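Me: I would like to go through this structure in questions and answers. Please give the reasoning each time, and finish on the value or name.

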Amino acid sequence: MKAMRPYDGFGRFGGEEFLVVVPLACCSDVSAVLERVRQAVEASVLEVDGHSIAVPVSIGGAMSTGQSADDLSKSADDALYHAKAQGRNRVVMAPDEAGG
């Protein structure tokens with residue numbers, strides 16, 4: 001996916017969930033990568049039975065500050081629910097442990 005850097009990782013994490021790993025990046029870099037992913041998905045219009053279908057995507061992001069993988073996943077999942085509650089088709093980053 002051209003929206004990601006060559007050393008970022010992407011894969012399916014659950015039923016409708018995907019994981020993007022953005023190593024050695026600050027929060028604004030992660031947010032920028034996730035926004036590019038969101039825009040790339042949104043721009044990928046599907047053709048089904050002669051109808052064009054846009055695919056909006058909500059993304060929750062979280063930065064690792066040494067917590068467990070389960071806690072990091074929970075933080076990203078909480079951010080995803082905030083993105084959906086704010087109107088969908090957006091990126092929301094979880095606050096970091098320092099309160100940011």
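Reply: Helices and strands here are DSSP runs, helices of at least four residues and strands of at least two, numbered from the N terminus. The model is a predicted one.

Me: Where does Lys2 lie?

Reply: Strand β1 covers residues 9-12. Lys2 comes ahead of that strand, in the segment before β1.

Me: Is Lys2 buried or exposed?

Reply: The cut-off for exposed is a relative accessible area over 50%. Lys2 has 86% relative accessibility, so it counts as exposed.

Me: How many Å apart in space are Lys2 and Ile53, C-alpha to C-alpha?

Reply: In sequence, 51 residues separate Lys2 and Ile53. In space, their C-alpha atoms are apart by 21 Å.

Me: What is the average pLDDT of the protein chain?

Reply: A score of at least 70 is reached by 95% of the residues. Over the protein chain, the pLDDT averages 88.

Me: Which element of the protein chain has the highest mean pLDDT?

Reply: At the low end of the elements is strand β2 (residues 18-21), with a mean of 87. At the high end the mean is 95, and it belongs to residues 91-93, strand β6.

Me: How many salt bridges are there?

Reply: The rule asks for a side-chain nitrogen of Lys or Arg within 4 Å of a carboxyl oxygen of Asp or Glu. Among the pairs that meet it are Glu35 with Arg38 and Lys74 with Asp78. The count by this rule is four.

Me: Which residues are linked with Arg38 in a network of salt bridges?

Reply: Arg38 pairs with Glu35 at 2.7 Å, N to O, and with Glu42 at 3.2 Å. Both pairs sit in helix α1: Glu35 and Arg38 are three residues apart, while Arg38 and Glu42 are four apart, about one turn of the helix. Arg38 is thus in both salt bridges, and the residues linked with it in the network are Glu35 and Glu42.

Me: Is Arg38 buried or exposed?

Reply: Its partners Glu35, with a relative accessible area of 24%, and Glu42, with 32%, are each partly exposed. For Arg38 the relative accessible area is 9%. The cut-off for burial is under 20%, so Arg38 is buried.

Me: How far apart are the closest N and O atoms of Lys74 and Asp78?

Reply: Lys74 and Asp78 are four residues apart in helix α2 (residues 69-85), so about one helical turn separates them. Both are partly exposed, Lys74 at 48% relative accessibility and Asp78 at 33%. The two form a salt bridge in which the closest N and O atoms are apart by 2.8 Å.

Me: Which residue has its backbone nitrogen 2.6 Å from a polar atom of the side chain of Gln67?

Reply: Gln67 is in the loop between β5 (59-61) and α2, and with a relative accessible area of 18% it is buried. Its side chain reaches the backbone oxygen of Met63 at 3.5 Å. The backbone nitrogen at 2.6 Å belongs to Thr65.

Me: What is the relative accessible area of Leu24?

Reply: Leu24 is in the loop between β2 and α1. Its phi is near 50°, a positive value in a residue other than glycine. Leu24 is classed as exposed because its relative accessible area is 90%.

Me: In which loop is Asp49 found?

Reply: Phi of Asp49 is positive, near 50°. Asp49 is exposed, with a relative accessible area of 73%. The flanking strands cover residues 46-48 and 51-53, which places Asp49 in the loop between β3 and β4.

Me: What is the volume of the largest pocket?

Reply: Rolling a probe the size of a water molecule over the atoms shows where empty space is left. For the largest pocket, the volume is about 1200 Å³. Its lining has 37 residues, and the closest to the centre are Phe18, Leu19, Val20, Ile59 and Gly60. The volume asked for is thus about 1200 Å³.

Me: Which element supplies the largest share of the lining of the largest pocket?

Reply: At least two lining residues come from each of β1, β2, α1, β5 and α2. The largest share is seven residues, and it comes from α2.

Me: How many nonpolar residues are in the lining of the largest pocket?

Reply: By class, the lining has six charged and seven polar residues. The nonpolar residues number 24.

Methods: Residues are numbered from 1 along each chain as its sequence is written. This is a predicted model: local features need pLDDT of at least 70, side-chain atom pairs count only at pLDDT 80 or more; totals for chains, interfaces and linings use all residues. Side-chain values use heavy atoms; hydrogens and water are left out. Buried means under 20% relative accessible area, exposed over 50%, partly exposed in between (1.4 Å probe, protein chains only). A polar contact is a pair of N or O atoms within 3.5 Å; within protein, one must be able to donate a hydrogen and the other to accept it, and residues adjacent in sequence count only if both atoms are side-chain atoms. pLDDT is the predictor's confidence in each residue, from 0 to 100. On a 1 Å grid over the protein atoms alone, a cavity is a set of points where a 1.4 Å probe fits but cannot get out, and a pocket is an open set with protein on both sides within 12 Å along at least five of seven lines; lining residues have an atom within 4 Å of a point. Grid points are joined across faces, edges and corners, and a volume is the space filled by probe spheres set on the points. Ala, Val, Leu, Ile, Met, Phe, Trp, Tyr, Cys and Pro count as nonpolar, Asp, Glu, Lys and Arg as charged, and the others, Gly among them, as polar.
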